[in-house]
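Student: I'd like a close look at one part of this model, and I'm new to reading structures. Could you walk me through it piece by piece?

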Amino acid sequence: MTPTPQHATILLIGASRGLGYALAAEYVGRGAHVVATVRGPHRTALHDLLPAAHGRLEIEHVDINDPAQVLSLRDRLTARTFDLLFVNAGVTNGPEETVADVTDAEFTRLMITNALSPMRVIERLGKLVAADGTIAIMSSGQGSIANNERGGFEIYRASKSALNQLMRSYAARHRDDSRTLLLTAPGWIRDTGVGGPAAPLTIGESIPRLVTVIDAQRHRTGLHYLDHLGRTVAW
Ligand SMILES: NC(=O)c1ccc[n+]([C@@H]2O[C@H](COP(=O)([O-])OP(=O)(O)OC[C@H]3O[C@@H](n4cnc5c(N)ncnc54)[C@H](OP(=O)(O)O)[C@@H]3O)[C@@H](O)[C@H]2O)c1
């Protein structure tokens with residue numbers, strides 16, 4: 001039987017496809033009410049979920065790299081309270097690209113989208129989260145400095161490590177905040193834009209477990225960096 005979600009109202013940023021779409025579908029399937037965002041006016045996979053969601057899915061719009069759009073989303077949702085804010089949006093680049101050959105523009109694109117913008121979203125939208133709620137960001141195992149023995153994905157790794165460091169600073173600044181803070185590492189998952197075709201895990205092997213892990217953290221204070229099996233990832 002599908003477990004009842006600990007987080008019953010969700011604001012999910014970046015859900016047009018891939019893991020974000022799967023998170024939206026999983027939470028809707030568990031009976032949660034989900035406000036999920038896409039970029040731009042185009043129809044996405046998320047729109048196809050609307051009929052089966054029976055009113056428990058609302059689609060909003062935001063490009064996290066556009067501060068005006070983030071503020072405008074906050075203003076549209078200002079009367080709402082969510083149990084969980086989850087920022088999933090992220091991008092990758094060529095896995096073999098190193099600092100020797102990456103362009104400034106590409107480095108900046110990854111750093112802004114994966115590190116700066118997710119943190120700005122929680123700065124702007126964090127107040128919409130209940131005092132006993134959860135603020136989570138999709139990090140990656142690749143963000144672990146301690147576990148980087150093999151290299152590869154050099155620029156992507158750096159952007160997720162920067163995200164982790166910024167979230168630690170946020171946690172330090174909000175030491176007395178009762179909300180749970182999470183950085184999640186879903187595993188390397190195929191058939192998504194970031195994971196690519198060679199990854200070992202399927203979406204179905206990761207996302208339902210990740211949702212169970214996220215829900216198990218409800219009311220647990222402090223910042224936690226967890227994988228899809230609930231294991232702490234080395235910083
Ligand atoms: N797949 C993996 O193996 C894996 C492993 C660890 C961590 N992750 C992380 O999981 C998250 C999702 O990855 P994925 O594999 O599902 O990738 P994906 O299929 O490429 O999906 C990325 C999602 O992020 C959205 N997005 C990108 N830039 C955005 C922006 N500026 N503003 C708003 N939304 C934006 C995309 O929207 P559009 O459709 O509009 O582009 C899309 O919904 C990322 O943070 C990624 O780093 C993935």
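Tutor: Two strands pair if DSSP finds at least two bridges between them. Strands (E, at least two residues) and helices (H or I, at least four) are DSSP runs numbered from the N terminus. Keep in mind that this is a predicted model, where local features need pLDDT of at least 70 and side-chain atom pairs count only at pLDDT 80 or more, while totals for chains, interfaces and linings use all residues. Residue numbers start from 1 along each chain, as its sequence is written.

Let's look at strand E1, residues 9-13. To find its place, start with the sheet: an open one of 7 strands, in the order E3-E2-E1-E4-E5-E6-E7, with parallel pairing. At the edges sit E3 (57-61) and E7 (222-227), each of which pairs on one side only. On average, neighbouring strands of this sheet are turned by 20 degrees against each other, direction ignored (axes are lines fitted to C-alpha atoms). In general, strands of a sheet pair through backbone hydrogen bonds, either parallel or antiparallel.

Now to E1 itself. A residue is called buried if 20 or more other C-beta atoms, placed from the backbone, lie within 10 Å of its own, exposed if 12 or fewer, and partly exposed in between. By that count E1 is mostly covered, with 5 of its 5 residues buried. Thr9, Leu11 and Ile13 point one way from the strand, whereas Ile10 and Leu12 point the other way.

E1 has a partner on each side in the sheet order, E2 and E4. With E2 (residues 33-38) E1 shares 4 bridges, and the two run parallel. Along this pairing, Ile10 stands opposite Val34, and Leu11 stands opposite Val35. How does the chain get from E1 to E2? The path goes through helix H1 (residues 18-29), and this β-α-β crossover is right-handed: with the strands pointing away from the viewer, the path from the first strand over the helix to the second runs clockwise. With E4 (residues 82-87), E1 is again joined by 4 bridges, and the pair runs parallel. Here Leu11 stands opposite Leu85, so you can follow Leu11 to Val35 in E2 and to Leu85 in E4.

Let's step outwards to E2. Because 5 of its 6 residues are buried, E2 is largely enclosed by the rest of the structure. Beyond E2 comes E3, joined to it by 5 bridges and running parallel. Val35 stands opposite Glu58 of E3, and Thr37 stands opposite Glu60 of E3. Val35 thus has Leu11 opposite it in E1 and Glu58 opposite it in E3.

Just before E3, look at the loop between helix H3 (50-53) and E3, where His54 lies. Phi of His54 is near 50 degrees, a positive value in a residue other than glycine. For background, most residues other than glycine have a negative phi. His54 counts as exposed because 8 other C-beta atoms lie within 10 Å.

H1, the helix of the crossover, leads us to another helix. H1 is among the elements covering the buried residues of helix H7, together with strands E5 (129-138) and E6 (180-185) (contact means C-beta atoms within 7 Å). Buried in H7 (residues 203-216) are Ile203, Ser206, Ile207, Leu210, Val211, Ile214 and Asp215. Seen down the axis of H7, these residues fall within an arc of 155 degrees (taken from the directions from the axis to the C-beta atoms), so they line one face of the helix. The face turned away from that buried side carries the exposed residues Gly204 and Ala216.

For a last comparison with E1, find His174, in the loop between helix H6 (154-173) and E6. His174 counts as partly exposed because it has 15 C-beta neighbours inside 10 Å, whereas Leu11 is buried. His174 and Leu11 are 163 residues apart in sequence and 20 Å apart in space, C-alpha to C-alpha.

Terms used:
Two residues are in contact if their C-beta atoms, placed from the backbone, lie within 7 Å. Axes are lines fitted to C-alpha atoms, for helices over the stretch in contact, and angles run from 0 to 180 degrees between N-to-C directions.
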